[in-house]
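User: Hi! I'd like to walk through a structure with you, one question at a time. Could you keep the reasoning short and finish each reply on what I asked for?

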Amino acid sequence: MLNSIYNKVPKKFLLVGVINTIFGYSIGILNYFLFFHLIGIIGVGIINSIMSITFAFVLFKKFVFKTRNTNWILEYVRSYLVYGIQAIVGIFILWLCISVLKLNIYFSQAFSIILVVFVSYTGHKKFTFKT
């Protein structure tokens, strides 16, 4: 099953996803130390989300899907919808694995991430950056 999902997601998408993850983690730590005392963790979380989604959007647009002559503002808004659905799917998978199936967090998180990568790729390909 994992091999089937992996083969359907292009390597560029996975590479950009790794870069996005490193960026999101790093900017999250940096923003925490810079702004936590001013705006609290909710504010830091909001800033991190906006920065991470914007960074991911630009990389996916330029290096993976390479859309041109499109309404980039509409694509940007669509990317937020895809990330919202991705979050809901990820949370649901975690809940299902941990609360219902009684699996451990390590497997549950890994399984969730693998499925969310497929959801993210499909959403961006067919909705955010559709041509």
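User: Where is the place of Arg68?

Analyst: Happy to start there, with the reminder that this is a predicted model. Arg68 is exposed, at a relative accessible area of 69%. Its place is in the loop between helix H2 (11–65) and helix H3 (72–100).

User: Which residues gather with Arg68 in a patch of positive charge on the surface?

Analyst: Arg68 has a relative accessible area of 69%, so it clears the cut-off of over 30% for patch residues. Patch members also have like charges joined within 9 Å. The residues that gather with Arg68 in this positive patch are Lys12, Lys62 and Lys66.

User: How many helices and strands are there in the protein chain?

Analyst: Reading from the N terminus on, the elements run α-α-α-α. The C-alpha atoms fill a box of roughly 50 × 45 × 20 Å along the principal axes. The count for the protein chain is four helices and zero strands.

User: How many salt bridges does a search of the whole structure find, and which side chains meet in a salt bridge?

Analyst: Side chains of opposite charge can pair when their charged atoms come close. The search of the whole structure finds one salt bridge. It has an N to O distance of 2.6 Å, and the side chains that meet are those of Glu75 and Lys61.

User: Which helices hold Glu75 and Lys61, and how many residues apart in sequence are the parts that the pair ties together?

Analyst: The side chains of Glu75 and Lys61 meet in a salt bridge, and both residues are buried. Glu75 lies in helix H3 and Lys61 in helix H2, so the pair ties together parts whose separation in sequence is 14 residues.

User: Is Tyr25 buried or exposed, and what is its relative accessible area?

Analyst: The place of Tyr25 is in helix H2. Tyr25 also helps make a nonpolar surface patch, together with residues including Ile29, Tyr32 and Phe33. Exposed means over 50% relative accessible area, so Tyr25 counts as exposed at 61%.

User: What is the area of the nonpolar surface patch made by Tyr25, Ile29, Tyr32, Phe33, Phe36, Ile41, Ile42, Ile46 and Ile50?

Analyst: Nonpolar side chains are joined into a patch within 5 Å. Among the members here, Tyr25 is exposed, and Phe36 and Ile50 also take part. The patch area is about 970 Å².

User: Which side chain does the side chain of Thr128 make a polar contact with?

Analyst: Thr128 has its place in helix H4, and its relative accessible area is 0%, so it is buried. Other buried residues of helix H4 (residues 105–128) include Ser108, Leu115 and Tyr121. At 3.0 Å, the polar contact partner of the Thr128 side chain is the side chain of His124.

User: Which residue caps the N-terminal end of H4?

Analyst: A side-chain oxygen lies 3.0 Å from the backbone nitrogen of Tyr106. The residue that supplies this oxygen and caps the N-terminal end of H4 is Asn104.

User: How many Å apart in space are Val16 and Ser49, C-alpha to C-alpha?

Analyst: Val16 lies in helix H2 and is buried, with a relative accessible area of 7%. Val16 and Ser49 are 33 residues apart in sequence, and their C-alpha separation in space is 17 Å.

User: And how many Å apart in space are Phe65 and Leu30, C-alpha to C-alpha?

Analyst: Phe65 has its place in helix H2. Buried means under 20% relative accessible area, so Phe65 counts as buried at 17%. Phe65 and Leu30 are 35 residues apart in sequence, and C-alpha to C-alpha they are apart in space by 29 Å.

Definitions and conventions. Residues are numbered from 1 along each chain as its sequence is written. This is a predicted model: local features need pLDDT of at least 70, side-chain atom pairs count only at pLDDT 80 or more; totals for chains, interfaces and linings use all residues. Side-chain values use heavy atoms; hydrogens and water are left out. Accessible areas come from the Shrake-Rupley method with a 1.4 Å probe; for residues, only the protein chains shown count as cover. A salt bridge is a side-chain nitrogen of Lys or Arg within 4 Å of a carboxyl oxygen of Asp or Glu. Lys and Arg count as positive and Asp and Glu as negative; His and the chain ends are not counted. The place of a charge is taken as NZ of Lys, CZ of Arg, CG of Asp or CD of Glu. Helices (H or I, at least four residues) and strands (E, at least two) are DSSP runs, numbered from the N terminus. Buried means under 20% relative accessible area, exposed over 50%, partly exposed in between (1.4 Å probe, protein chains only). A polar contact is a pair of N or O atoms within 3.5 Å; within protein, one must be able to donate a hydrogen and the other to accept it, and residues adjacent in sequence count only if both atoms are side-chain atoms.
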